[in-house]
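Here is a quick walk through one fold, for anyone who likes to have the geometry spelled out. Have a look at the sequence and the model first.

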Amino acid sequence: MANFLLLNGANLNLLGTREPEIYGETTLESLIENLSRHAEKEGHKLHHFQSNAEHELVERIHRSQEENVKCIVFNPGAFTHSSISIRDALSGIQVPFIEIHISNI
């Protein structure tokens, strides 16, 4: 069994209601439920964390290494373009990561 971490950054708590014509109508809760079920079906554990606060995301990234996380799947939201500290946190640990983005465009 592997541990995976799904991280969501700024404003992703608004999925499903914020600009649904761009981001769709699926809520973050629904997305997490679906991904958790899929991970469980495959014999894995999905941990998840969302924050609008950059420092909280950095702290969660740091903890992932201690928790034996196999891979981080990360949608940084608006922090994609502005956060050197998040990029440094990801570079400073020995956990691989994948950056993703959500839109219907």
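## Two odd phi angles

Asn-68 sits in the loop between α3 and β3, and its backbone does something a bit unusual there. The model is a predicted one, and in it Asn-68 has a positive phi of about 60° despite not being a glycine. For context, most residues other than glycine have a negative phi. The spot comes just after α3. Is Asn-68 buried or exposed? With a relative accessible area of 61%, Asn-68 is over the 50% cut-off and therefore counts as exposed.

Glu-19 plays a similar trick: its phi is positive at about 40°, and it is not a glycine either. You'll find Glu-19 in the loop between β1 and α1 (20-23). Its relative accessibility is 32%, so Glu-19 is classed as partly exposed.

## The sheet

Which way do the strands line up? There are 4 of them in an open sheet, ordered β2-β1-β3-β4, with parallel pairing. As background, strands of a sheet pair through backbone hydrogen bonds, either parallel or antiparallel. The edges are taken by β2 (45-50) and β4 (97-99), each of which pairs on one side only. On average, neighbouring strands are turned by 20° against each other, ignoring direction.

Now for the pairings themselves. β1 and β3 run parallel and share 7 bridges; one of the partnerships puts Ala-10 opposite Gly-77 in β3. β3 and β4 are also parallel, over 3 bridges. Here Val-73 has Ile-98 of β4 as its bridge partner, and Ile-72 is matched with Phe-97 of β4. β3 is mostly covered, with 7 of its 9 residues buried. Together with α4 and β4, β3 also makes a right-handed β-α-β unit.

## Helices on the sheet

α2 packs on the sheet and touches β1 and β2, with its direction at about 160° to that of β2. Lys-41 belongs to this helix, which covers residues 28-41. Its relative accessible area is 68%, so Lys-41 counts as exposed. If you want a distance to check, Lys-41 and Leu-7 are 20 Å apart, C-alpha to C-alpha, with 34 residues separating them in sequence.

α3 lies across β1, β2 and β3, and runs at about 170° to β1. Which residues of α3 are buried? They are Leu-57, Val-58, Arg-60, Ile-61 and Ser-64. Looking down the axis of α3, these buried residues fall within an arc of 165°, so they line one face of the helix. That buried set packs against β1, β2, β3 and α4. On the other side of α3, His-55 and Glu-66 are exposed.

## A buried arginine

Arg-60 deserves its own look. This residue is part of helix α3, and its relative accessibility is 6%. That is under the 20% cut-off, so Arg-60 counts as buried. What does Arg-60 touch, leaving out residues up to four places away in sequence? The list is Leu-5, Leu-7, His-47, Phe-49 and Glu-67.

## The nonpolar cores

The largest nonpolar core has 15 residues, and those touching the most other members are Leu-7, Leu-57, Ile-61, Ile-72, Phe-74, Ile-86 and Leu-90. Which elements feed it with at least two residues each? They are β1 (3-10), α3 (54-66), β3 (69-77) and α4 (84-91). Apart from this core lies another one, of 7 residues, including Leu-6, Leu-15, Leu-28 and Ile-32.

Leu-7 shows how the pieces of the larger core meet. Setting aside neighbours within four places in sequence, its contacts are Phe-49, Leu-57, Arg-60, Ile-61, Ile-72, Val-73, Phe-74 and Asn-75. Among these, Leu-57 and Ile-61 are buried residues of α3, and so is Arg-60. Ile-72 and Val-73 have already come up for their bridge partners in β4, which are Phe-97 and Ile-98.

Key:
Residues numbered from 1 in each chain as written. Predicted model: local features only at pLDDT ≥ 70, side-chain atom pairs only at ≥ 80, totals over all residues. Heavy atoms only, no water. Buried < 20%, exposed > 50% of the residue type's maximum accessible area, 1.4 Å probe, protein only. Core = buried A, V, L, I, M, F, W, Y, C linked by side-chain atoms within 4.5 Å. Contact = heavy atoms within 4.5 Å. Pairing = 2+ DSSP bridges. Axes fitted to C-alpha atoms, helices over the stretch in contact; angles between N-to-C directions. Arc of directions from axis to C-beta. Right-handed = clockwise from strand over helix to strand, strands pointing away.
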